[in-house]
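Dear colleague,

Please find below the structure that I am handing over to you. My findings follow it, arranged by topic.

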Amino acid sequence: RGGASDCMAYVLEHHVLESCCALACRDRPRGMRRLVLIALGTLIKGVSRPLLPHVTLHQAVGDLLLAVTEPEDVMSVEYYALLNAVSQRVSAAPHQLSFLVGDDGRFPLLTGLQRRLRQSQMREEVSRRALVQVLGAVAEVAAADPRPAECVLRLGLANDVAELLAQDFRRLQEAAARAGGAEG
């Protein structure tokens with residue numbers, strides 16, 4: 001042991017990430033949100049040990065995901081990087097979903113993906129893929145922990161998913177029509 005493990009233990013034990021997330025939620029000092037989104041996305045994606053189970057991290061990440069509401073922030077690369085990192089982590093280890101559902105029934109990861117998809121009018125492919133990853137993890141853990149599935153239903157994601165499928169089907173029809181027209 002030592003090195004990076006000791007550093008990460010210090011960061012978690014002394015609530016460093018939690019403090020950074022609190023500053024990022026308020027974006028004080030200005031630009032802090034962007035830096036923290038980048039750092040958290042990189043940490044969650046790059047650190048091999050599971051970080052989401054740490055209460056100081058999953059609560060702070062959830063608060064940060066919910067704090068980002070302005071359209072330019074919701075559509076930022078940094079916000080997506082954090083959403084994607086968390087989505088990939090829960091897709092690889094679905095049991096970690098239970099850490100992301102608050103006692104109040106909030107599911108910040110899904111709320112963040114839903115905001116981003118609605119802001120892009122359901123057109124952003126990378127967020128769509130992240131949503132599919134998370135929904136797959138939700139289905140996998142539904143028997144052991146129904147809370148994520150209940151959140152999916154409460155958030156009205158069924159309507160969003162139906163809209164995504166309808167858009168994909170329309171694009172498929174258009175592509176087939178163009179291809180058919182090109183052959184004739």
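**Leu12 and its surroundings**

Leu12 is buried, with a relative accessible area of 8%. Please note that the model is predicted. Leu12 has its place in helix α1. Leaving out residues up to four places away in sequence, Leu12 touches Leu17, Arg49, Leu51, His54 and Thr56. Val86 lies 74 residues from Leu12 in sequence, and the two C-alpha atoms are 17 Å apart in space.

**The chain as a whole**

How many helices and strands does the chain have? The secondary structure consists of eleven helices and zero strands, so that the pattern along the sequence reads α-α-α-α-α-α-α-α-α-α-α. Taken along the principal axes, the C-alpha atoms fill a box of roughly 65 × 40 × 35 Å.

The chain has 184 residues, and 40% of them count as buried. Its exposed area is about 9900 Å², with 57% supplied by carbon and sulfur atoms. Among the contacts with a separation of 6 or more, 70% are made by residues 24 or more positions apart. The chain carries 21 positive and 21 negative charges, and the mean positions of these two sets are 3 Å apart.

**The nonpolar core**

The largest nonpolar core comprises 44 residues. Which residues have the most contacts inside it? They are Leu40, Leu64, Phe107, Leu109 and Val134. For Leu40, the partners beyond four places in sequence are Leu17, Cys21, Leu57, Val61, Leu64 and Leu82. Leu64 therefore appears both in the list of residues with the most contacts inside the core and among the partners of Leu40, where a contact means heavy atoms within 4.5 Å. Leu17, for its part, is in contact with Leu40 and is also touched by Leu12.

**Helix α8: Gln114 and Thr111**

Helix α8 covers residues 108-119, and Gln114 is placed in it. Is Gln114 buried or exposed? Gln114 counts as buried because its relative accessibility is 7%, and buried means under 20%. A polar atom of the Gln114 side chain lies 2.9 Å from the backbone oxygen of Leu155. Not counting residues up to four places away in sequence, Gln114 touches Leu155, Gly156, Leu157 and Asp160.

Thr111 also lies in helix α8. With a relative accessibility of 15%, Thr111 likewise counts as buried. Its contacts, leaving aside neighbours within four places in sequence, are with Leu66 and Leu155. Leu155 is thus in contact with Thr111 and with Gln114.

**The loop that holds Met75**

Met75 is found in the loop between α5 (71-74) and α6 (77-92). Why does Met75 count as partly exposed? Its relative accessible area is 29%, and partly exposed covers the range between the limits of 20% for buried and 50% for exposed. Beyond four places in sequence, Met75 is in contact with Arg116, Gln119, Ser120 and Glu124. The C-alpha atom of Met75 is separated by 9.0 Å from that of Leu117, a residue 42 positions away along the chain.

**Backbone features in two loops**

Three backbone details deserve a separate entry.

- His15 is not a glycine, although its phi is positive at about 55°. This residue is found in the loop between α1 (4-13) and α2. His15 counts as partly exposed, at 35% relative accessibility.
- Asp27 has a positive phi of about 50° and is likewise not a glycine. Asp27 lies in the loop between α2 and α3. Its relative accessible area is 9%, and Asp27 is therefore buried.
- The peptide bond that runs from Arg28 to Pro29 is cis, with omega near -5°. Pro29 lies in the loop between α2 (16-26) and α3 (32-46).

The loop between α2 and α3 accordingly holds both Asp27, which is buried, and Pro29.

With kind regards

Technical notes:
Residues numbered from 1 in each chain as written. Predicted model: local features only at pLDDT ≥ 70, side-chain atom pairs only at ≥ 80, totals over all residues. Heavy atoms only, no water. Helix = DSSP H or I, 4+ residues; strand = E, 2+ residues; numbered from the N terminus. Buried < 20%, exposed > 50% of the residue type's maximum accessible area, 1.4 Å probe, protein only. Areas by Shrake-Rupley, 256 points an atom, 1.4 Å probe, with all protein chains shown as cover. Lys, Arg positive; Asp, Glu negative; His and termini not counted. Charge placed at Lys NZ, Arg CZ, Asp CG, Glu CD. Core = buried A, V, L, I, M, F, W, Y, C linked by side-chain atoms within 4.5 Å. Polar contact = N/O pair within 3.5 Å; in protein donor to acceptor, adjacent residues only side chain to side chain.
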